[in-house]
Amino acid sequence: MDPAQRFADAWRARCGLRPLDHPTFSGVSSVWRVELHPAQGDDVAVTVTDLDAGGFVEVRALDRAGRDHAMIDAGLTPWTRPLPEVLPRVWEAAVTAEGLSAMQSRMPRLPLHSEAPGADGMVVHHEARVEGVHHRFASWSPSPVRAPLHYAFVLALCDLAVRAVPESGAVIHPLARYLR
């Protein structure tokens, strides 16, 4: 397995993110997720679940120490010093059917292609399960000019998260500098 995938898997495990095909999501009409891994700052995942009559949003964040743990877990660093245990910060909130509909109206049509990664920006993993079809793709610091569809996906989920759980803005707002 390539190092980027090993890190992503280790980070998801550290963060407690369940795969979108996990039984937790069975019976769910649609679910969208974006994982944001900036060069500096907290790593953040936003998951939005549509339950037809409304849904919920979940935001999970791990700070730099959490990223270091994931690097160790993935075998990507020779560090052997013990690090203090880090747990993800988690925010959850219910979302109305109208809120979900507004978010969906801003989402690009899927599937989207993956973009080549860059350096010193933000790696973004996009994932969705819509009408039984699973989509996965990646981008690097998507912007309205360079990657408008990837940018729209990120913005739709993050805007809904901050509206539903204003406290999550503390970890989501600093990421805006990577989306220009």
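Aromatic rings first: I count rings of Phe, Tyr and Trp (its six-membered ring) as a pair if their centres lie within 6.5 Å, with planes under 30 degrees apart called stacked, over 60 edge-to-face and the rest tilted. My model is a predicted one, where local features need pLDDT of at least 70 and side-chain atom pairs count only at pLDDT 80 or more, while totals for chains, interfaces and linings use all residues. I number residues from 1 along each chain as its sequence is written, and side-chain values use heavy atoms, without hydrogens and water.

**Entry: aromatic pair**

I searched the whole structure and found one aromatic pair. Phe137 and Phe153 meet edge-to-face, 5.5 Å centre to centre with 80° between the planes. Phe137 sits in strand β6 (residues 133-140) and Phe153 in helix α4 (residues 148-164), so the pair links distant parts of the chain, 16 residues apart; helices (H or I, at least four residues) and strands (E, at least two) are DSSP runs, numbered from the N terminus.

I then asked: are these rings buried or exposed? Phe137 counts as buried because its relative accessibility is 4%, and Phe153 is buried at 0%. Buried means under 20% relative accessible area, exposed over 50%, partly exposed in between (1.4 Å probe, protein chains only).

**Entry: lining of the largest pocket**I looked up the largest pocket, an open set of points on a 1 Å grid over the protein atoms alone where a 1.4 Å probe fits, with protein on both sides within 12 Å along at least five of seven lines; lining residues have an atom within 4 Å of a point. Of its 21 lining residues, Ala4, Phe7, His37, Val123 and His125 are the closest to the centre. Helix α1 gives the largest share, five residues.
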